[in-house]
Amino acid sequence: PPFPRPGAGSQARPGPSPTRQVFSIVVFGSIVNEGYLNSNSGGEKFCIYNRNPSACSYGVAVGVLAFLTCLLYLALDAYFPQISSVKDRKKAVLSDIGVSAFWAFLWFVGFCFLANQWQVSKPKDNPMNEGTDAARAAITFSFFSIFTWVSTAARAARTLPAPPGLGCRPCR
């Protein structure tokens, strides 16, 4: 059967990986903690990424929402063995594939956006180089997050049965 029944001895879904959660925390934590600097002319704060508040907001939003999504799918992974309907299990796996692919796309956009805004940032905006390591960490972990979410989608896709007609026939 494509999805083993509860108590059948094997579970079709791989265990959850904490990598996605850790990467999400690093991205939004880096931006929240050191992504905003005080301006030289007053107490006004600005985003370290080219003074573009959208860059910091996007990084924080994607990081927090990805973390919450991870928690949601952690709960689904815990509940998955209790699902007895093959159709419901298939829906759960398909949602995992779709959501993971969507998050891989969002992380790709985030990586490109943050890297671009970091590249065009002016050194005069941050003469003391405050928060530069955190900004680079957010960019780096955004990049790595793309691959963790793609691998999650690929692992979920492997649990689906092969479509009819793609059996083990020898190639001609």
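## Getting to know this chain, one question at a time

Q: In what order do the elements of the chain run from the N terminus on?

A: Keep in mind that we're looking at a predicted model. The chain has 4 helices and 2 strands to place. Reading from the N terminus, the order is α-β-β-α-α-α.

Q: What share of the residues of the chain count as buried?

A: A residue counts as buried when its relative accessible area is under 20%. The chain has 172 residues to sort through with that cut-off. The buried share comes to 38%.

Q: Among contacts between residues at least 6 apart in sequence, what percentage join residues at least 24 apart?

A: Here we set aside pairs of residues that sit less than 6 apart in sequence. Among the contacts that remain, we pick those joining residues at least 24 apart. That gives 77%.

Q: How much of the accessible surface of the chain belongs to carbon and sulfur atoms?

A: Start with the total, which is about 10000 Å². The part of it that belongs to carbon and sulfur atoms is 63%.

Q: Which residues touch the most other members of the largest nonpolar core?

A: This core has 23 residues. Two or more of them come from each of α1 (19-34), β2, α2, α3 (86-119) and α4 (132-158). The residues that touch the most other members are Ile31, Tyr49, Trp103, Trp107, Leu114 and Trp149.

Q: Which element gives the most to the largest nonpolar core?

A: Several elements give two or more residues to this core, including α1 and β2. The top giver supplies 6 residues. Its name is α2.

Q: Which residues is Trp103 in contact with, leaving aside its neighbours within four places in sequence?

A: Trp103 is one of the core members that touch the most others. To see who it meets from elsewhere in the chain, we skip its neighbours within four places in sequence. What's left is Val62, Leu65, Ala66, Thr69 and Trp149.

Q: How many residues make up the second, separate core?

A: Besides the core with 23 residues, there is another one that is separate from it. Its members include Leu76, Ala92, Val93 and Ala156. The residue count for this second core is 8.

Q: Which cysteine does the disulfide join to Cys47?

A: The structure holds 1 disulfide, so there's just one pair to find. Its sulfur atoms lie 2.0 Å apart, and the link is right-handed, with 85° about the S-S bond. Both partners are buried. The partner of Cys47 is Cys56.

Q: Is Cys70 buried or exposed?

A: Let's check the number: Cys70 has a relative accessible area of 1%. The cut-off for buried is under 20%. For contrast, Cys112 is at 34% and counts as partly exposed. Because its value is under that cut-off, Cys70 is buried.

Q: Which residues make the nonpolar surface patch of about 380 Å²?

A: Take Leu71 as a way in: this residue is in helix α2 (residues 53-79). With a relative accessible area of 36%, Leu71 is partly exposed. The patch is made by Val64, Leu65, Leu68, Leu71 and Leu74.

Q: Where in the chain is Asn50, whose phi is near 60°?

A: Most residues other than glycine have a negative phi. Asn50 has a positive one, and so does Arg51, with phi near 55°. The place of Asn50 is in the loop between β2 (45-47) and α2.

Q: How many residues apart are Asp125 and Arg51, which form a salt bridge?

A: In this pair, the closest N and O atoms are 3.1 Å apart. Asp125 is buried at 13% relative accessibility, whereas Arg51 is partly exposed at 39%. Asp125 sits in the loop between α3 and α4, and Arg51 in the loop between β2 and α2. Along the chain, the two are 74 residues apart.

Q: Why are Arg136 and Asp133 separated by about one helical turn?

A: These two also form a salt bridge, with their closest N and O atoms 3.8 Å apart. Arg136 is partly exposed at 44% relative accessibility, and Asp133 is exposed at 60%. They are about one helical turn apart because both lie in helix α4 with a spacing of 3 residues.

Notes
Residues are numbered from 1 along each chain as its sequence is written. This is a predicted model: local features need pLDDT of at least 70, side-chain atom pairs count only at pLDDT 80 or more; totals for chains, interfaces and linings use all residues. Side-chain values use heavy atoms; hydrogens and water are left out. Buried means under 20% relative accessible area, exposed over 50%, partly exposed in between (1.4 Å probe, protein chains only). Contact means heavy atoms within 4.5 Å. Accessible areas come from the Shrake-Rupley method with a 1.4 Å probe; for residues, only the protein chains shown count as cover. Patches are made of residues with over 30% relative accessible area and no salt bridge: like charges are joined within 9 Å, nonpolar side chains (Val, Leu, Ile, Met, Phe, Trp, Tyr) within 5 Å. A salt bridge is a side-chain nitrogen of Lys or Arg within 4 Å of a carboxyl oxygen of Asp or Glu. A disulfide is a pair of cysteine sulfur atoms within 2.5 Å. A nonpolar core is a set of buried Ala, Val, Leu, Ile, Met, Phe, Trp, Tyr and Cys residues joined through side-chain atoms within 4.5 Å.
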